[in-house]
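Open the model in your viewer and keep the selection tool at hand. The stops below go from one side chain to the next.

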Amino acid sequence: MIEFTFWDILRNLIFATRWTVLLSIVAFAGGAAVGLAMLAARISERPWLRRFGSGYIALFQGTPLLMQLFLMFFGLPMLGFRIEPWTAAALGLTFYASAYLAEIWRGGVEALPRGQWDAGASLGLHRLQELRLVILPQAFAITRPAAVGFLVQLIKSTALTSIIGFEELLRTANAINNATFEPFTVYGLVAVIFFVLCYPLTQYARMLERRAPAH
Amino acid sequence: MGYGLSFGWLKDAAGAIAHGAAMTVFLIACTTVLGILISILFAAARRSRYTVLRKAVAVYVEVVRNTPFLVQLFFIYFGLPSLGIRLDPIVAAIVAMTLNMAAYTTEIVGAGLDAVPKGQSEAAFALGLKPRQVFVKIILPQALKVIFPALTSQVIIMMLESAVVSQIAVRELAHEADLLQARTFRSFETYFVVTLIYLGLSMAVRRLFVAGGRRVLGAGVS
């Protein structure tokens, strides 16, 4: 039997936190990239693309993230890919994040006056150029509080990847708990670590919201 | 590849899936009622003149909103027995879900209360109503109407998050899926079907809420 002191537990948990942070960053970046594509589809001039975009968003926002992760983890091997928990976790959270980010940014795009598009067109810009140069910078600015708020949501969601075997903070905590039988301390510390990661972002989102110009 | 999709097992599994779905609906029904009642009390407490009360609710809301639901669930189910509080899995699930949802809906209800013009309570007081009557009869119905869409979304988010209570062996929809895939070796198909059922449930809950909201709170609820 190995003896764990409080500091051993804390040190191990803090060490595991790097995977939680890394996964959050990868999923947010991946989600932003895929989310941009979905946003473009969602507001496209082609009806079938718009339908595809809204179907994609409805699917990911209307089903549990846990099921999405399971489908990724069990589905890809069926297509002949060997998949590590890390890959399944990163892909699953990327798709999940993309749906929410696309929807957040669409709100920003739709909040802009129609004249912004017309002004871009009158300057001879293509639709994609208008989007990139005129619309998106403004849409991003308006929706920054919501995007930061979603980042908090995403960081908390990484805890679910422990269930498909990704060795992040919560899975490490489960292992430590099995060795020490001190669930109160272990899960209490996990909560504290997540709080320390998330609370500053929550406050930042709140500050951005207060500062936001009235539209 | 050599692996084809097969859904033949579905016929035998229908009973278990229906049972799991019923448990999911039961959990979210309890959580919705309890969570919204608590959040009305808490939203009122956040506006009380007692500083301690205001601060306590604020801390609760921040702690819950900045930690994962799964960690809260594990803390309640595995951690609390160290303090002598041992909960049945279903009770632990309802407690965790209710406490989680109440934190979010406290903010939502609070925003609704702030949205009701001050003149409404002044007018009610001028008519001689008591403070409790003013809150329950004048302010709250108007606030609920404003926040109804946000409340609906929060209930659906909570229902989807409830899939993780399968991890403490509550036999809801996701847990039945775990059991089924272990028995049939049809992991992908099982999770695919169960995911679609969740999608159907979330669409049904939204419709139910919109219809119910129109009935109770009047037209103009979307």
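Start by selecting A:R18 and A:F15: A:R18 lies over the face of the A:F15 ring, 4.4 Å from the ring centre. A charge counts as sitting over a ring if NZ of Lys or CZ of Arg is within 6 Å of the ring centre and within 35 degrees of the ring normal.

Before moving on, note that this is a predicted model, in which local features need pLDDT of at least 70 and side-chain atom pairs count only at pLDDT 80 or more, while totals for chains, interfaces and linings use all residues. Residues are numbered from 1 along each chain as its sequence is written, chains are lettered from A and ligands numbered from 1 in the order in which they are written, and side-chain values use heavy atoms, with hydrogens and water left out.

Next, select A:W117 and A:R127. The charged end of A:R127 sits over the ring of A:W117, at 4.7 Å from its centre. Add A:E45 to the selection: A:E45 and A:R127 form a salt bridge with the closest N and O atoms 3.6 Å apart. A salt bridge here is a side-chain nitrogen of Lys or Arg within 4 Å of a carboxyl oxygen of Asp or Glu. A:E45 lies in the loop between α1 (6-42) and α2 of chain A and A:R127 in helix α6 (residues 127-142) of chain A, so the pair ties together parts that are 82 residues apart in sequence. Helices (H or I, at least four residues) and strands (E, at least two) are DSSP runs, numbered from the N terminus. A:E45 is exposed at 59% relative accessibility, whereas A:R127 is partly exposed at 28%. Buried means under 20% relative accessible area, exposed over 50%, and partly exposed in between (1.4 Å probe, protein chains only).

Now turn to the aromatic side chains. Select A:F52, A:Y56, A:F60 and A:F95, which form one aromatic cluster. Rings of Phe, Tyr and Trp (its six-membered ring) pair if their centres lie within 6.5 Å; planes under 30 degrees apart count as stacked, over 60 as edge-to-face and the rest as tilted. By this rule there are 25 aromatic pairs over all chains. One of them is the tilted pair A:Y56 and A:F60, at 4.7 Å centre to centre with 50° between the planes. These two residues are 4 apart in helix α2 (residues 47-61) of chain A, and so about one helical turn separates A:Y56 from A:F60. Both A:Y56 and A:F60 are buried.

For a stacked pair, select A:F195 and A:Y199: the centres are 4.9 Å apart and the planes 15°. A:F195 is partly exposed at 24% relative accessibility, and A:Y199 is partly exposed at 29%.

Go on to A:S157, in helix α7 (residues 144-157) of chain A. Is A:S157 buried or exposed? At 7% relative accessibility, A:S157 is buried. A polar atom of its side chain lies 2.8 Å from the backbone oxygen of A:Q153.

Finish between the chains by selecting A:R206 and B:E107, whose side chains meet in a salt bridge (3.7 Å, N to O). A:R206 lies in helix α9 of chain A and B:E107 in helix α4 (residues 89-115) of chain B, so this salt bridge joins two chains. Extend the selection to B:R46, B:E62 and B:R65: salt bridges that share partners join these residues with A:R206 and B:E107 into one network.

Conventions
A polar contact is a pair of N or O atoms within 3.5 Å; within protein, one must be able to donate a hydrogen and the other to accept it, and residues adjacent in sequence count only if both atoms are side-chain atoms.
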